[in-house]
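User: I'd like to go through this model with you. Can we start with the contact between the chains and then look at charges and surface?
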Amino acid sequence: MTDSRSRLRRVLLWLIPVVLLLTACGEPEWRTKDISNLMPSLAFELTSETGEAVTAERYRGQVVLMFFGFTHCPDICPVTLGRLKAVLGQLDDDAEDVTVLFVTVDPKRDDLKALRQYTSAFGEEFVGLRGDRQALDTLTKRYRVTYGYGEPDASGNYSVSHSSAVFAFDRQGDARLLIRDSDPMEAVVADVRRLVQ
Amino acid sequence: MTEYLYYLLPWEFGLSWLVFCVGGLWLYYRGLVRRRARGIAPGVWRPLAFTVGMVGIYAVSQTHYDYLAQYMFFTHRIQHLVMHHAAPFLIALSVPWPVLASGLPEWRVPAGVSKPAMALLRGLYRVLQNPVLAPVLFVGLIYFWLIPSVHFDAMLSRWLYDVMNWSMVIDGILFWWLMLDPVTTKGGLARLGFGARLVILWLVMVPQIALGAYIALSDRVLFDVYAVCGRAWPLAPLTDQQIGGLVTWIPAAMMSVLGILVLIGYWLAGRGDDRAPAAGLTTTEGA
């Protein structure tokens with residue numbers, strides 16, 4: 001009895017420095033969701049809104065914020081992109097090193113012209129990307145997101161379900177953060193600034 | 001036709017699932033043929049139960065169903081119902097171990113490797129099948145993977161997703177085998193008695209009902225990963241969660257009731273002690 005109790009005490013005494021060491025060594029916590037060990041680095045083959053074929057290599061050296069949406073989106077997309085625009089506004093000079101990639105999950109309706117018009121409303125850091133079904137599915141599968149189409153109404157409009165998250169990649173193209181629409185603004189600004197610096 | 005074929009192909013190919021399902025069925029049918037030649041093969045029902053169980057695991061992991069399971073909460077709950085409850089239940093009910101052993105190829109493993117490996121496995125098995133730990137693990141794993149932050153990571157990461165699903169299948173087979181093993185003594189050694197199993201089956205039912213009801217009756221979205229990653233089709237998040245909660249609640253608890261019925265059946269048939277097999281029931285099994 002006393003023997004097992006003293007053994008327990010010894011284990012507990014050992015645990016204290018180990019826990020302290022673990023917490024002391026770790027970097028300060030990110031305020032949005034850290035996905036460093038969960039998701040793969042940035043890779044895709046798509047067409048940019050200017051019509052040129054682009055891969056992820058093109059954006060190495062930049063902090064990339066990637067979002068999946070569609071230009072007919074009534075709520076989540078404009079709100080999210082608007083929020084990102086505000087984030088970039090608060091970053092001042094650091095914003096130059098950030099690119100926002102808007103990948104359309106509705107390539108049928110979103111042609112290059114529609115994409116150009118849509119992203120230009122938010123700023124020059126915003127780039128629209130589109131691809132055929134296969135290229136798009138390769139990318140969405142890689143980041144474990146999906147999309148789906150609702151039934152079209154009388155005038156041919158249909159709703160599209162898509163991911164509401166923004167994926168952030170560092171300058172090396174490694175996946176770092178997942179930004180949710182519920183994350184407070186100042187948390188997003190602080191984390192993106194930390195990625196840039 | 002090709003479209004149907006597309007839905008039967010894996011959404012994400014996983015070698016471990018293929019090896020487990022195809023390898024398991026191959027071993028089983030090889031063993032079945034050999035046992036039939038010696039006149040000691042089980043009848044029709046046990047091979048059928050084993051086959052349906054294995055095909056079930058394959059269907060929810062290596063067809064397009066896996067896509068639905070990744071991008072909708074209630075379809076994910078159905079996937080786990082198959083992986084952790086229904087399929088392992090059928091596999092355990094089929095008592096496949098002697099048939100699988102007969103199907104093993106005659107490879108010679110050096111005793112220096114096989115002995116410590118078997119000792120390790122036996123020790124691990126004894127710990128996991130402890131009558132207190134096994135039900136705690138069975139319910140604990142359901143709760144653990146449904147902690148919202150853990151669930152979020154598991155749905156985001158390919159390898160965590162695989163770990164989650166494998167933990168369901170392995171724990172499911174272990175648990176249901178502990179519950180549905182038709183004998184209570186083997187070679188003079190006591191296994192878990194029917195009475196204790198009835199208590200365990202009832203005990204695991206209660207927290208599953210509680211969790212399922214909590215999820216189904218919650219008026220806010222608990223698992224936001226499906227909004228973050230997108231849904232398979234535009235279904236209202238709360239509706240998705242309510243159906244998912246019901247799946248966690250009712251059919252999962254029903255499996256305990258089915259298990260209790262099977263045990264009562266064994267009991268009435270006078271089974272339990274392998275030294276005194278009841279007439280009529282064990283004639284086709286052999287040792």
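Analyst: What follows covers the interface, some salt bridges and a surface patch.
Analyst: This is a predicted model, where local features need pLDDT of at least 70, side-chain atom pairs count only at pLDDT 80 or more, and totals for chains, interfaces and linings use all residues. Residues are numbered from 1 along each chain as its sequence is written, chains are lettered from A and ligands numbered from 1 in the order in which they are written, and side-chain values use heavy atoms, with hydrogens and water left out.

User: How many residues does the contact take from chain B and from chain A?
Analyst: Chain B gives 23 residues and chain A gives 21, where contact means heavy atoms within 4.5 Å.

User: And what area is buried between them?
Analyst: About 1,700 Å², with carbon and sulfur atoms giving 53% of that area. Buried area is the accessible area (1.4 Å probe) that two parts lose on being put together, summed over both. Of what chain B buries against chain A, 31% comes from Leu156(B), Val228(B) and Pro234(B), more than from any other three residues.

User: How many salt bridges across the interface of chain B and chain A?
Analyst: Three, a salt bridge being a side-chain nitrogen of Lys or Arg within 4 Å of a carboxyl oxygen of Asp or Glu. One salt bridge pairs Glu12(B) with Arg144(A) at 2.9 Å, N to O.

User: What's the count over all chains?
Analyst: The rule gives 15 salt bridges over all chains. Among them, Arg31(A) pairs with Glu186(A) at 3.9 Å, N to O. These two residues are 155 apart in the chain, with Glu186(A) in helix H5 (residues 185-196) of chain A; helices (H or I, at least four residues) and strands (E, at least two) are DSSP runs, numbered from the N terminus.

User: Is Arg31(A) buried or exposed?
Analyst: Arg31(A) is partly exposed, because its relative accessible area is 47%, and buried means under 20%, exposed over 50%, partly exposed in between (1.4 Å probe, protein chains only). Glu186(A) is also partly exposed, at 49%.

User: Switching to chain B: what does Arg191(B) pair with?
Analyst: Asp181(B), in a salt bridge of 2.5 Å, N to O. Arg191(B) is partly exposed at 35%, whereas Asp181(B) is buried at 4%.

User: Where does Ile264(B) lie?
Analyst: Ile264(B) is in helix H13 (residues 237-268) of chain B, and is partly exposed at 36% relative accessible area.
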